[in-house]
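I opened this notebook to record what I looked up, entry by entry. The sequence and the structure come before my notes.

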Amino acid sequence: MKHERLVDILQSLSNVMSTSGDESEMRRALRPLLAGQVDELRVDSLGNLITLKKGTGESQLRVLVTAHIDEVGMMVVDHTPDGALKVQAVGGIDDRLLPGLNVCVGKEQLPGVIGIKAIHHSSSRERLKAIPLKELSVDIGAENRKEAQRLAPVGTRVTFSTQAHPLGELIAGKAFDDRAGCTALVALLHEEPFPFDLYGVFTVQEEVGLRGARVAGYAVAPAVAFVLEGTIADDLPKKEDVGPTSQIGQGPVLTVMDRSYISAPWLLRYTVQLAEKLGIPYQFKQPGIGGTDAGAIHLTRGGVPSLTLAVPCRYIHGPISLLKPADLEATITLTSAALRHLTAEQLANN
Amino acid sequence: MNLGLLTQLTQAFGPSGYEDKVRALIQEHVAPWADELRTDPLGNLIAYHRGNGKGQKIVLAAHMDEIGVMVSHVDKEGYLRFTRIGGVYPLHCIGSRVRFADGTHGVIYLEHREDTSPSPKLTQLYIDVGATNKDDVPVSVGAPAVFVRPLVQQGERLISKALDDRIGCYILIELLQQVQDSPHDLYFLFSTQEEVGLRGARTAAFSINPDMAIAVDVTITGDTPKALPMAVTLGDGPAIKVQDSGMIAHPKVRQLLVDAARKAKVPYQLEVLRGGTTDAAAMQLTRAGIPSGALSIPCRYIHSPSEMVDSEDVANAIKLLAAALA
Amino acid sequence: MQLSEAVGPSGQEESIRLQLEDLWRPFTTTMRADAMGNLIAMQQGSGPEPRPAVMAAAHLDEIGLIVTQIEEGFLHIAPIGGTDRRVLLGLEVLVHGREDIPGLIGTRPPHVLSAEERQKTVPWEKLFVDVGLPAEKVNQLVHVGDPISIRQPLLTLENGRVAGKAFDNRASVVALTLALEELAQREHAWDFYAVATVQEEVGLKGAITSAYGINPQLAVALDVTFGKQEDDSKIGVFELDKGPTIGLGPNFHPQLFQRIEATAKELEIPYHLDPTPGASGTDAWGIQVAREGIPTSLLSIPVRYMHQPVETLARRDVERTGRLLATFVAGLESSYRPGWEDEVDETAARSDQ
Ligand SMILES: [Zn+2]
Ligand SMILES: [Zn+2]
C-alpha cells in the first residue's frame with residue numbers, strides 16, 4: 001500500500017471514537033476499507049469483526065491475524081447537581097493527563113472539558129498530588145442534573161477528541177494503540193491472497209481484559225496467530241540507564257515475554273531470521289511489560305503458537321500519541337513476509 | 001530413590017516457555033513405558049498409557065518449568081537488568097547465581113540504595129556476568145536464565161533448586177513404570193508454563209478432555225519457625241489437596257486419593273493452602289468442567305534456590321498414586 | 001427466602017442443591033447436576049426446532065470458612081471466598097465435620113491485649129472456632145479441610161425488609177425460582193435453562209463451565225449489588241425497594257440491555273442503571289466469553305452490608321427481578337438474535353441498492 005494511503009487510513013481510524021464494549025463506529029469505519037478485499041465478513045456476539053481472506057490453496061494452514069479496535073476512554077456513571085458528569089475509566093487510563101483536556105462525549109460527539117481547581121485556590125500540597133479520576137468531572141456546559149442526564153445519560157462514552165495530524169517526521173493522534181495495528185491489518189488484507197486462508201480479526205475489549213480475542217481465537221481455531229499492536233516507546237531522555245521498552249524509528253517491536261504470554265520461541269526465531277535476511281529493522285520489546293491479545297489467543301482450545309508485532313508509539317493510553325510511518329510500514333512488510341514464508345512443516349517440526 | 005535421575009531433572013535448564021531440555025530428558029525416560037508420546041503446540045509432553053477400555057480417562061500433571069529471570073536491559077557498563085519469570089522474590093536473589101542457556105553464569109546483586117526497607121525492588125537488582133562493557137556481554141535482551149544450586153541428599157531430606165516441580169516430574173516418571181497394568185487411560189502430562197499462569201495444562205487438558213485430572217506439585221509447610229498455621233509437615237506423608245487459592249478440589253478426587261492412601265497404607269496429610277495453586281486449577285475449568293484435585297509434596301522454601309523435600313514423602317506419593325490408579 | 005438459612009459455602013453446595021432440586025422439580029422438563037455440581041434445570045420452549053436457548057444463572061454458593069489446623073481442640077480457620085473477618089467475632093457457626101457440630105468464633109479477650117492490638121481487627125491466625133468439646137473428641141470429629149458455615153436466622157425488619165446471611169446470592173436463586181414458576185404457566189418459544197451455579201465466590205467457576213456446557217444463544221446472570229446504606233452512598237450503590245439494577249458496559253450486549261430495559265418499562269417495574277466500565281465481578285463476566293462468545297446481561301438486587309451475616313434487602317426487589325426475567329424470556333421470538341448498530345445500517349444500505 002502506498003505511503004500516503006497508509007497514513008491516510010491511520011489518521012482516519014485514529015479519529016474514530018471506539019471505547020471497549022462500544023466499538024460500532026470502528027466497525028463502521030472498517031467496512032468500506034475492507035470491501036472487495038475479503039471473502040467473508042461477520043460480526044460475532046461480542047462485536048469482533050471477523051474476516052476471511054481465502055488463500056491460493058497452496059497450504060492447508062489456517063492463520064489468524066488480529067488487531068484490536070477498542071481504545072481506552074471513560075464512561076459516564078453519574079451526574080452532579082450542577083450538571084457535571086462523573087466518569088470512570090474504561091481500560092487503563094493515565095489520570096495525570098486528564099486535567100485541562102478537551103473530550104468528546106457520546107455518539108453526538110458533544111464537546112466537553114476537564115478542568116480542575118485554579119492554581120490560586122490550590123494549596124502547595126494539592127499542587128504536588130496527581131488528582132485521581134474519581135475527583136475529576138467532565139463539563140459539557142449543562143446547567144443542572146436533569147440536563148446532564150438528558151445529554152449524556154449513564155453509560156455514555158467519553159473519549160479524547162484529538163484529530164490526527166503530521167508532526168515533524170511523525171504522525172500525532174489518539175488511540176494509535178491499536179489503530180496502528182488496525183491500519184497494518186487493513187494493509188495486509190489489501191495484499192494478494194496468501195498461500196493459506198487468513199482470518200483477519202478486528203477484536204473488541206482488549207483493554208478490559210483481552211475479551212474479544214479469547215472468543216475469536218476459539219471460533220477461528222488457528223494453527224498460528226499474529227497480533228498487531230501499537231506499543232509503548234519510553235525513549236525519552238532519562239538519567240537512569242534503563243530500557244526504553246521500545247524506540248521509535250527502530251522498526252517493528254517483537255515480544256519475547258510480557259505479562260500475558262511467552263512467544264513461541266521457534267516463531268520468534270523464524271521471524272527474526274526473516275527480518276535479518278530481508279534487511280527489515282526490528283527490536284525486542286523489553287520483557288515483562290504489558291500484555292496483548294496474544295495472551296488470550298495462545299490459550300484457546302489446544303493452544304496456539306502466537307507472536308505480537310507492534311509499532312512503537314510514544315504516549316499511548318493518553319490523548320495524543322506519536323508514531324513514525326516507517327515503523328508502521330516495516331511492521332506490515334515483516335508480518336507479510338512472516339505469513340508468506342510460513343509452512344506446515346515448520347509447525348510440525350516445533 | 002533414583003538420585004541420578006532426580007539430579008538430572010533438577011539441574012536441567014527449563015524456565016517457563018523454554019522447557020525443551022527438560023522435555024528431551026523426560027522423553028528419554030518415559031519413551032520405553034508409554035504407548036504414545038506427543039508434544040503439543042505449547043510444548044507440553046504427553047505420555048499416554050492405554051487402559052483396558054473399561055477404565056476412566058485420567059490426566060496426571062506435573063510441570064516441567066521452573067522460575068527464572070529474563071534480561072530486560074543491558075547497561076553501558078555491561079550490567080544486566082532483568083524481569084522475573086514466575087514468582088521470583090528479590091530477597092532470594094541477592095548473592096544467587098544464574099545460568100543462561102548458553103552456559104554463561106551471572107551473579108545477582110543489589111545496587112546501593114538509600115532506603116533500608118527489608119525487601120528491595122526487583123529494579124534495584126542487577127546481574128553481573130563479569131563483562132567490562134556493553135559489547136562484552138555474551139547474552140542479550142530477552143535471554144532467560146535459571147538459578148544455580150546443586151541437588152544434595154542429607155538423611156531423608158533432598159535439597160535443590162527446581163524441586164518445584166521436577167519432583168513431580170520424577171514421581172510421574174516412576175509412576176508410569178508402576179501402572180503398566182492400570183485399567184485406566186492415563187495421560188501423563190508434563191506441562192509447560194505453570195509458573196507464569198498454569199498455561200500449558202490449560203490447553204493440554206482441553207485437547208485431552210479427560211474425566212478427571214490430578215496435579216502433582218509441591219506445597220508449603222507449617223513446620224518452620226514462626227510459620228503461619230498450616231497443618232502440613234515435612235516427612236508426614238504426601239498432602240491431599242482440599243483447597244488452595246485457585247481451586248477447591250473435587251470431593252470425588254479427594255476421596256479417591258484418601259482411599260488410595262489407606263489401601264496403600266501410607267501416611268497422608270490434608271492440605272488447605274492460603275496462597276498458591278497448581279495446574280489442577282486450570283484443568284478444572286476446561287470445557288464443561290473436569291473433576292480435579294492434587295497430590296502435593298510438602299516442600300520448604302518454595303521458589304527459593306534451595307527447596308527442601310523429604311524422600312519418604314516422595315516414595316509414599318508414588319505408592320499412593322499407584323494404588324489410586326490400579 | 002428460607003433458602004438463606006441453607007448451608008452452602010463454595011465447593012460444598014451439595015446439600016442446598018438437593019433442596020433446590022425439590023423446589024424446582026415441578027417446574028422443569030429436565031434437570032441435572034454437572035461435573036462441577038451446577039444444577040441445570042431446563043424448561044422446554046414451544047418454538048420450532050432447532051430451538052434457541054436462554055440461560056439464567058444465579059450462584060448457589062456463599063462465603064464461608066475452612067479448618068486449616070487443629071490446636072488443643074481449637075480450630076484455626078481461613079476464609080472461603082471474600083469473608084470479612086471484621087464481622088466474625090462472636091458469631092455462631094456450624095462445623096461440617098464427621099457430623100455437624102455447633103461452635104462459635106472467639107479470640108483472646110481485650111483485657112490482656114495491648115492498647116495497640118485492641119485497635120486493630122483480629123488477624124486470621126488469632127481467630128479460633130471453639131466447639132466446647134475436649135481435644136480428643138474434636139480430633140475425632142473434625143479434620144483439616146472441613147468447611148464451616150455461619151448460623152444466622154432470617155430476620156424480618158420493617159417495611160418488607162429482611163436481613164440474614166447469604167442473601168448474596170440466595171436472593172437471586174429465589175428470583176430465579178419465581179421466574180421458573182411463572183414461566184411454567186406461560187408460553188415461551190425459547191428453551192429456558194435455569195442454572196444454580198457453584199463456586200462463584202472463588203472465581204466464577206461454575207458459570208464458566210456451565211455456560212460452556214449449555215452453550216446458549218443468550219444469557220442473563222442474576223446477582224446482588226451494593227444497597228445504599230448510611231455509611232456508603234457514593235457511586236455504584238443503589239436504594240433498596242426501587243427495583244433491580246440492569247448492567248451496562250462491555251460485559252453486556254447493548255441490544256440485550258435495551259430489550260431488558262424496555263421490558264422493565266412495559267411492566268412498570270422500577271429499575272436502576274448500573275454502569276460498569278470493566279469487569280462486573282459476577283457470573284456474567286465468565287459466561288460472556290464461553291466458547292465463541294455469548295450475549296450476556298445482568299440483573300442485580302441491591303443488598304446492604306454485603307458479605308456480612310446481616311445482609312439486608314427489600315422483598316419486593318426479589319419479586320420484581322423474577323417477574324422481569326420471566327417476562328423477558330417469554331417475550332423472546334424464535335428468530336430473535338441481538339445484533340449490532342453498524343450491522344443494521346449495513347442491511348439498510350444493501351436493501352437500498
Ligand atoms: Zn493495544
Ligand atoms: Zn509448582
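Which residue of chain A forms a salt bridge with Glu341(C)? I found that Glu341(C) pairs with Arg28(A), and the closest N and O atoms are 3.3 Å apart. A salt bridge here is a side-chain nitrogen of Lys or Arg within 4 Å of a carboxyl oxygen of Asp or Glu.

Ground rules. I am reading a predicted model, in which local features need pLDDT of at least 70 and side-chain atom pairs count only at pLDDT 80 or more, while totals for chains, interfaces and linings use all residues. Residues are numbered from 1 along each chain as its sequence is written, chains are lettered from A and ligands numbered from 1 in the order in which they are written, and side-chain values use heavy atoms, with hydrogens and water left out.

Entry: chain C against chain A. I noted 27 residues from chain C and 30 residues from chain A in the contact, where contact means heavy atoms within 4.5 Å. The two chains bury about 2,600 Å² between them, with 56% of it on carbon and sulfur atoms. Buried area is the accessible area (1.4 Å probe) that two parts lose on being put together, summed over both. I counted 4 salt bridges between chain C and chain A, and 11 residue pairs in polar contact (both at pLDDT 80 or more). A polar contact is a pair of N or O atoms within 3.5 Å; within protein, one must be able to donate a hydrogen and the other to accept it, and residues adjacent in sequence count only if both atoms are side-chain atoms. On the chain C side, strand 15 (272-275), helix 7 (283-288) and helix 9 (341-352) each give two or more residues. Helix 9 of chain C has the largest share, 5 residues. Helices (H or I, at least four residues) and strands (E, at least two) are DSSP runs, numbered from the N terminus.

Entry: chain B against chain A. Here I found 24 residues of chain B in contact with 24 residues of chain A. The buried area is about 1,900 Å², and carbon and sulfur atoms give 62% of it. His73(B), Arg199(B) and Phe206(B) lose the most area on the chain B side, together 27% of what that side buries. I got 0 salt bridges across this interface, but 5 residue pairs in polar contact (both at pLDDT 80 or more). Strand 4 (68-74), strand 5 (79-85) and helix 5 (199-208) of chain B each supply at least two residues, and helix 5 gives the largest share, 5 residues.

Entry: zinc ion (ligand 1). His68(A) (NE2), Asp177(A) (OD) and Glu229(A), the last through two OE entries, coordinate this ion at 1.9 to 2.4 Å. Donors are N, O and S atoms within 2.8 Å of the metal (3.2 Å for Na, K and Ca); water is not among the atoms, so sites may look incomplete. The spacing of the donor residues is H-x108-D-x51-E. His68(A) lies in strand 3 (residues 62-68) and Glu229(A) in strand 12 (residues 224-232) of chain A, so the pair ties together parts that are 161 residues apart in sequence.

Entry: zinc ion (ligand 2). I listed His63(B) (NE2), Asp164(B) (OD) and Asp217(B), the last with two OD entries, as coordinating this ion at 2.0 to 2.5 Å. Their spacing along the chain is H-x100-D-x52-D.
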